[in-house]
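Trainee: Hey, can you walk me through this one? I'd like to start with how charged side chains pair up.

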Amino acid sequence: MRILVTGGAGYVGSASVEALLTAGHDVSVLDDLSTGHPDAVPNEARLEVWSYTDQEELVDLLDAGRIEAILHCASRSLVGESSRDPALYYRDNVAGGIALLEAARQVGVGRIVFSSSAAVYGIPDATPIDEEAPLRPINTYGETKRTFEAALAAYGAAYGVRSVSLRYFNVAGATERNGEDHDPETHLVPNLLRAADGSGEPVTIFGDDYPTPDGTCIRDYIHVADLADAHLLALEATAPGDGRTDTPLALNLGSGGGFSVREVLAAAESIVGQPIPHAIGERRAGDPPSLVASARRAQELLGWEAQRSTLDVMIGSAWEWRQRNPDGYAESD
């Protein structure tokens, strides 16, 4: 299959490119490198450096590459920034996403997998969250993900686009080749590892008085390589005639449980072999005590199940990658 991966130089996208290449697919990457890294893209994949929001350029790229399917990983993804600058998020995640869909429709690419987010659920009524839970995002980032999912559903009904949207919470871990290198970094695991090696500030735990076993929030985590496997399986499910995508499909991904902030901290300290500087802060507004996704439907329909779901594997692989790449990617120097 000839596949275009938008955002393929990013953390999630580059791991997915690796998985697609290993499976024998022909891969092109489109990334503006605003947050991605060219060194994250394997040499076997072709890298185009510009934005997926440029519809005319997209038409030429899809046509010239004879692209058959798209894995859409590119998006703005900082929750706080989405609240401060919603125009940026609607312009890129929504208007840009429509430009992508229109270019695909113009060229005749009718297979799309969308790397979505469990942020579409907002604060759920119950956990684990299944796909029947109402979509009530509480920030602009989640709202733009929900809106693009709705666009995919409309394009499926009107134009026959086959699509899968994958919803997940926190991604962690690293492959042998690629790891997490963001600026700014907002994720717990890499910030713990930065605090451990002295390259980052002490980590703040936002609240320790939640109604959970240890008082800290519980969150679902998924290894980046498991997410890449899900992207591959989802792309296969968009094949013409595959009944699973006769109507647009939305699936949750998760490890089947969840980990508290203190559990993540303790696992990281065990892996690095020393205490990690941290402090207890106030709760953040809108943080629910527990967010865990039910991945039962993904297992039933895609045959997907998390294979690297322990904290030791997720944090351990991230720490190994960081030790090999203490300054991140070469072009970050």
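Mentor: Sure, and let's begin with a term: a salt bridge is a side-chain nitrogen of Lys or Arg within 4 Å of a carboxyl oxygen of Asp or Glu. Here Arg-308 forms one with Asp-229, and their closest N and O atoms are 3.2 Å apart. Keep in mind that this is a predicted model.

Trainee: Where do Arg-308 and Asp-229 sit?

Mentor: Arg-308 is in the loop between helix H9 (296-302) and H10, while Asp-229 belongs to helix H7 (residues 224-237), so the bridge ties together parts that are 79 residues apart in sequence.

Trainee: And how much of Arg-308 is accessible? Same question for Asp-229.

Mentor: Arg-308 is partly exposed, with a relative accessible area of 27%. Asp-229 counts as partly exposed too, at 26%.

Trainee: How many salt bridges does the structure hold?

Mentor: It holds 17 salt bridges. One of them pairs Arg-2 with Glu-68, with the closest N and O atoms 4.0 Å apart. That pair links distant parts of the chain: Arg-2 is in strand S1, Glu-68 is in the loop between H2 and S4, and 66 residues separate them. Arg-2 is partly exposed at 24%, and Glu-68 is partly exposed at 33%.

Trainee: What about Asp-197 and Arg-322?

Mentor: Their side chains meet in a salt bridge, at 2.7 Å from N to O. Asp-197 lies in helix H6 and Arg-322 in helix H10 (residues 311-324), so this bridge ties together parts that are 125 residues apart in sequence.

Trainee: Is Arg-322 buried or exposed?

Mentor: Buried, because its relative accessible area is 12% and the cut-off for buried is under 20%. Its partner Asp-197 counts as partly exposed, at 36%.

Trainee: OK, new topic. Which residues of helix H2 are buried?

Mentor: In H2, which covers residues 55-64, the buried ones are Leu-58, Val-59, Leu-61 and Leu-62.

Trainee: Why would residues three or four places apart point the same way?

Mentor: An α-helix has 3.6 residues a turn, so residues three or four places apart end up pointing the same way.

Trainee: What do the buried residues of H2 pack against?

Mentor: They pack against four strands and a helix: S1 (2-6), S2 (26-30), S3 (46-48), S4 (69-72) and helix H4 (86-107).

Trainee: Which residues form the negative surface patch?

Mentor: The patch is formed by Glu-48, Asp-54, Glu-56, Glu-57, Asp-60 and Asp-63. H2 gives the most to it, with 4 residues. Take Glu-57, which is found in H2: at 38% relative accessibility, Glu-57 counts as partly exposed.

Trainee: What comes after H2?

Mentor: H2 is followed by Arg-66, which has a positive phi near 50°. Arg-66 is not a glycine, and its place is in the loop between H2 and S4.

Trainee: Why point out a positive phi?

Mentor: Most residues other than glycine have a negative phi.

Trainee: Is Arg-66 buried or exposed?

Mentor: Arg-66 counts as exposed, because its relative accessibility is 54% and the cut-off for exposed is over 50%. Leu-33 also has a positive phi, of about 65°, although it is not a glycine. Leu-33 lies in the loop between S2 and S3, and it is partly exposed, with a relative accessible area of 26%.

Trainee: What about the backbone around Pro-128?

Mentor: A cis peptide bond joins Thr-127 and Pro-128, with omega about 0°. Most peptide bonds are trans. You'll find Pro-128 in the loop between strand S5 (111-115) and helix H5 (140-159). There is also a cis peptide bond joining Asp-183 and Pro-184, with omega about 5°. Pro-184 is in the loop between strand S7 (170-172) and helix H6 (188-197).

Trainee: Last one: where is His-278?

Mentor: His-278 is found in strand S13 (residues 278-281). His-278 is partly exposed, with a relative accessible area of 35%.

Trainee: And what does His-278 touch?

Mentor: Leaving out residues up to four places away in sequence, His-278 touches Pro-202, Val-203, Ile-205, Leu-265 and Glu-269. As for Tyr-121, it and His-278 are 157 residues apart in sequence and 30 Å apart in space, C-alpha to C-alpha.

Methods:
Residues are numbered from 1 along each chain as its sequence is written. This is a predicted model: local features need pLDDT of at least 70, side-chain atom pairs count only at pLDDT 80 or more; totals for chains, interfaces and linings use all residues. Side-chain values use heavy atoms; hydrogens and water are left out. Buried means under 20% relative accessible area, exposed over 50%, partly exposed in between (1.4 Å probe, protein chains only). Helices (H or I, at least four residues) and strands (E, at least two) are DSSP runs, numbered from the N terminus. Contact means heavy atoms within 4.5 Å. Patches are made of residues with over 30% relative accessible area and no salt bridge: like charges are joined within 9 Å, nonpolar side chains (Val, Leu, Ile, Met, Phe, Trp, Tyr) within 5 Å. Accessible areas come from the Shrake-Rupley method with a 1.4 Å probe; for residues, only the protein chains shown count as cover. Lys and Arg count as positive and Asp and Glu as negative; His and the chain ends are not counted. The place of a charge is taken as NZ of Lys, CZ of Arg, CG of Asp or CD of Glu.
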